[in-house]
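Visitor: I've got this structure open on my screen and would like a walk around it. Could you take some questions?

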Amino acid sequence: MTSNKPAGEGGKPIREKFLIFGVPRFFQEEIKEMLETLRSGWWGTGPKVLQFEKEFSKYCHSKYAVAVNSATAAMHLGLNVLGIKSGDEVITTPLTFVSTANVIIHSGAKPIFADVDKKTGNIDPKEIEKKINEKTKAIIPVHLYGRPCKMDEITALGKKYNLKIIEDAAHSTEAWYKGKKIGSISDITAFSFYVTKNIATGEGGMLVTDNKKWAETAKIRRLHGMSADAWKRYSNEGYKPYEGVYPGYKYNMIDLQASLGIHQLKRAGANSKIRDKYWQMYSRAFKQISGIIASADDGKDIIHARHLYTINLELEKLKISRNQFIDALKAENIGAGVHFTALHLHKYYRETFGFKKGDFPKAEWIGERTISLPFYPHMSEKDINDVIKAVEKLVNYYRK
Ligand SMILES: *Cc1c(COP(=O)(O)O)cnc(C)c1O
């Protein structure tokens, strides 16, 4: 039995122990803060959320941050406070997580897709402009994998056609675009602290804006639409009368989540250095292998948040499909993911809007070929090298 035979074909796996695709990490600081919160008796929205918001808005160079329980909530709330409603159209990318488009539907508006750049997977401003008409009210660019979209072009379209812009920065907490921190550019930016994201609070998200009125409105509507500061209604400041001023949502972040976020945020800079080092290790190796395409280089003027490292399979050169490749990686004891299969081809979107194969060829091309590899700072260099070895072994074996 040769060592280059895939484990899925009866060979020896590259690793003994399974390498999970993504796992969150915490330290003593998080434990201490969580315990303090638990013992304080104030588990809901309170002082820790206020602290996390303050620190996050500073980190983002933005005036206001409104903590919510997911990026999905932040985007929906964003559309809501911007007044997006039934009859409106909102343009986004088909190469994203389902929730980016779902929230457009929640707001009553219609999601309109614009195809992506084949190299980066980010929405193409030229394709956006083709989709703009009198019903268009907003654009939601997604900074895919952590790479900022072409925000100068997208901002210019917003100005030219009077459109609001909400950035989906679920992958991009640490990203910068032309000297500007992501979160400081558009009307509203949404961040995610879901378990697999670079900063994790279990569930969690942040709506960031420079507009005071939008921030205040979002704060009221994230908590049932109760009048301002109703979260304090049971505090030691005494009973605060409140009234419902809007049929709001249950989107508030709680102090238990913020207890994690406060410390996760402090570690973002140090983690970025490791992520960047691992990124370079992957890129150096994968650029040498015929049969796969390494993640695109950064280009000038951006800082990539290094959330996901993806490769695209050159299917034409291989004997197996992408999904079979992922199964083969699993047999080597390496987990992997797909970000994303093109959204317009998902059941609901196909059936509701009549989308079909061929509508957004570049997003489909990536969606059929992309694989996200394990990529997080608490992996060891050996883990990274195991992934490289496994990918190399499989491509060599299955190359036509
Ligand atoms: C994770 C993710 C979301 C949703 O984030 P939640 O905090 O889980 O709501 C939205 N968009 C993209 C691109 C994501 O990857």
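**Around the ligand**

Guide: Sure. Keep in mind that this is a predicted model. One spot to start with is Lys197, where a side-chain N or O atom and an oxygen atom of the ligand are 3.2 Å apart. As for how well the ligand is wrapped, it has 380 Å² of accessible area on its own, and the protein covers 93% of that.

Visitor: Which residues come nearest to the ligand?

Guide: The shell around the ligand counts 17 residues. By class, they split into 7 nonpolar, 8 polar and 2 charged. The ones that come nearest are Thr72, Asp168, His171, Ser192 and Lys197.

Visitor: How far is the polar side-chain atom of His171 from an oxygen atom of the ligand?

Guide: His171 is on the list of nearest residues. A polar contact here means a pair of N or O atoms within 3.5 Å. For His171, the gap between its polar side-chain atom and the ligand oxygen is 2.7 Å.

Visitor: And what about the side chain of Ser192, how far is its N or O atom from an oxygen atom of the ligand?

Guide: Ser192 is another of the nearest residues. Going from its side-chain N or O atom to a ligand oxygen, you cover 2.7 Å.

Visitor: Which helix gives the most to the shell around the ligand?

Guide: Two helices supply at least two shell residues each: helix 3, covering 71–81, and helix 4, covering 98–106. The top contributor puts in 3 residues, and that's helix 3.

Visitor: What takes up the space of the largest pocket?

Guide: That pocket holds about 630 Å³ of space. Its lining has 41 residues, with Tyr194, Val195, Thr196, Lys197 and His307 nearest the centre. By class, the lining comes to 18 nonpolar, 17 polar and 6 charged. The space is taken by the ligand.

Visitor: Which helices each supply at least two residues of that pocket's lining?

Guide: Helix 3 gives the most here, with 3 residues. The full set is helix 3, helix 4 and helix 9 (268–286).

Visitor: Moving to the backbone, which residues does a cis peptide bond join?

Guide: Most peptide bonds are trans. Look in the loop between helix 10 (322–331) and helix 11 (347–353), where Phe340 is found. With omega at about 5 degrees, the cis bond joins His339 and Phe340.

Visitor: What is the phi of Lys178?

Guide: Lys178 is in the loop between strand 6 (176–177) and strand 7 (180–181). Most residues other than glycine have a negative phi. Lys178 isn't a glycine, yet its phi is positive, at about 45 degrees.

Notes: Residues numbered from 1 in each chain as written. Predicted model: local features only at pLDDT ≥ 70, side-chain atom pairs only at ≥ 80, totals over all residues. Heavy atoms only, no water. Near = heavy atom within 4 Å. Polar contact = N/O pair within 3.5 Å; in protein donor to acceptor, adjacent residues only side chain to side chain. Areas by Shrake-Rupley, 256 points an atom, 1.4 Å probe, with all protein chains shown as cover. 1 Å grid on protein atoms, 1.4 Å probe; cavity = no way out; pocket = protein on both sides within 12 Å on 5 of 7 lines; lining within 4 Å. Sits in = over half its atoms within 2 Å of the grid points. Helix = DSSP H or I, 4+ residues; strand = E, 2+ residues; numbered from the N terminus. Nonpolar A, V, L, I, M, F, W, Y, C, P; charged D, E, K, R; others polar. Points joined across faces, edges and corners; volume = space filled by probe spheres on them.
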